[in-house]
Amino acid sequence: MLICETFVFNPFSENTYIVFDDDSKEGCIIDPGCYDRSEEKEISDFIEDKQINLKYMFVTHGHIDHIFGNYFIKTKYNPTFYYPKNELHFLDLMIDVSGSYGVKLKKSPEPDDFFSENLELYLGNFLIKFISAPGHSPDEYCIYFPEIESCFTGDVLFEQSIGRTDLWEGNYQLLISSIFNKLYILPDNTKIYSGHGRSSSIGYEKQFNPFVAIK
């Protein structure tokens with residue numbers, strides 16, 4: 001079965017996720033935000049304790065809080081690194097941005113490959129699909145596990161909230177379109193794991209999210 005573990009990392013309280021198949025031990029990390037040595041140790045201790053073969057690193061978008069751990073994870077475990085193609089410039093831009101926040105960012109490795117909605121990957125026998133959902137950032141992707149009805153929504157959709165669009169290349173109308181046309185077509189009982197805060201479900205957000213409730 002697939003197991004999901006959540007870690008809250010870095011000064012921005014970003015959610016980093018490890019998802020792994022308990023049978024094959026194949027796993028992925030989603031948005032590695034580990035910032036300092038203690039956070040790096042926390043996540044590596046978990047990987048090693050569970051004997052996870054870290055097969056993939058998925059980075060939903062290129063904002064600073066989601067890429068702090070790119071260098072550490074790629075260097076230590078060498079997973080195949082997937083990333084949004086149209087946000088490559090963010091990997092360099094965020095080095096300058098980090099200084100304005102008073103934090104340090106190691107230069108991210110280059111991605112091994114890029115997301116697309118035609119891409120299908122597996123952890124053991126569990127299918128992984130990818131949903132293009134721009135708006136918070138220009139080319140963000142959500143990570144969807146249909147067999148366990150779980151979607152990792154990055155900073156697109158949160159519990160009773162949505163991603164900001166006043167940051168780098170955000171677009172409010174595009175974000176709203178992504179939520180209604182890409183995420184709200186998923187089954188209502190799909191659990192959502194967002195980049196910050198608590199988990200929720202598609203059905204709950206349709207009812208109670210003040211920004212994108214379906215009246």
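This briefing covers the overall build, one helix, the aromatic pairs and a few single residues of the structure above. The model is predicted. The protein has 5 helices and 14 strands, and 55% of its 215 residues are buried. Its radius of gyration is 16 Å, which agrees with the value near 17 Å that a compact globule of 215 residues would have.

**Overall build**

- The C-alpha trace spans about 45 × 45 × 30 Å along the principal axes of the protein.
- Among contacts with a separation of 6 or more, 62% join residues that are 24 or more positions apart.
- The exposed area of the protein is about 9,600 Å², and carbon and sulfur atoms supply 47% of it.
- The side chains include 18 positive and 33 negative ones. The centres of these two sets lie 2 Å apart.

**Helix α2 and the residue after it**

- Helix α2 runs over residues 70-77, and its buried residues are N70, F72, I73, K74 and Y77.
- The cover over these buried residues comes from several elements. Among the strands it includes β3 (26-30), β4 (53-58) and β5 (80-83). Among the helices it includes α1 (37-49) and α3 (88-100).
- N78 follows α2 and sits in the loop between α2 and β5.
- The phi of N78 is positive, about 50°, although N78 is not a glycine.
- N78 counts as exposed because its relative accessibility is 54%, and the cut-off for exposed is over 50%.

**Aromatic pairs**

- The count of aromatic pairs comes to 21.
- One of them joins F7 and F46, with 5.5 Å from centre to centre and 75° between the planes, an edge-to-face arrangement.
- F7 belongs to strand β1 (residues 2-9) and F46 to helix α1, so this pair ties together parts that are 39 residues apart in sequence.
- Both F7 and F46 are buried.
- The rings of Y17 and F152 also form a pair, with centres 5.0 Å apart. Their planes stand at 65°, so the pair is edge-to-face, for which the angle must be over 60 degrees.
- Y17 is in strand β2 (residues 14-21) and F152 is in strand β10 (residues 150-154), so the pair links parts that are 135 residues apart in sequence.
- Y17 has a relative accessible area of 4% and is buried. F152, at 2% relative accessibility, counts as buried too.
- A cluster linked by ring pairs takes in Y56, F58, Y82, F115, F130 and Y141.

**L119, in a loop**

- L119 lies in the loop between β6 (113-114) and β7 (121-123).
- Despite this loop position, L119 counts as buried, because its relative accessibility of 16% falls under the 20% cut-off.
- Leaving aside neighbours within four places in sequence, L119 is in contact with Y82, F114, I128, K129 and F130. Y82 and F130 are also members of the ring cluster.
- S98 is 21 residues from L119 along the chain, and their C-alpha atoms are separated by 31 Å.

**K55, in a strand**

- K55 is part of strand β4, one of the elements that cover the buried residues of α2.
- K55 counts as partly exposed, with a relative accessibility of 28%.
- Apart from neighbours within four places in sequence, the contacts of K55 are E26, G27, P79, T80 and Y122.
- K55 and L123 are 68 residues apart in sequence, but their C-alpha atoms are 8.0 Å apart in space.

**S13, another residue with positive phi**

- S13 is in the loop between β1 and β2. These are the strands that hold F7 and Y17.
- The phi of S13 is near 50°, a positive value in a residue other than glycine.
- S13 has a relative accessibility of 42% and counts as partly exposed, whereas N78, at 54%, counts as exposed.

Note on methods
Residues are numbered from 1 along each chain as its sequence is written. This is a predicted model: local features need pLDDT of at least 70, side-chain atom pairs count only at pLDDT 80 or more; totals for chains, interfaces and linings use all residues. Side-chain values use heavy atoms; hydrogens and water are left out. Buried means under 20% relative accessible area, exposed over 50%, partly exposed in between (1.4 Å probe, protein chains only). Helices (H or I, at least four residues) and strands (E, at least two) are DSSP runs, numbered from the N terminus. Contact means heavy atoms within 4.5 Å. Rings of Phe, Tyr and Trp (its six-membered ring) pair if their centres lie within 6.5 Å; planes under 30 degrees apart count as stacked, over 60 as edge-to-face and the rest as tilted. The radius of gyration is taken over C-alpha atoms; the globule rule is 2.2 Å times the number of residues to the power 0.38. Accessible areas come from the Shrake-Rupley method with a 1.4 Å probe; for residues, only the protein chains shown count as cover. Lys and Arg count as positive and Asp and Glu as negative; His and the chain ends are not counted. The place of a charge is taken as NZ of Lys, CZ of Arg, CG of Asp or CD of Glu.
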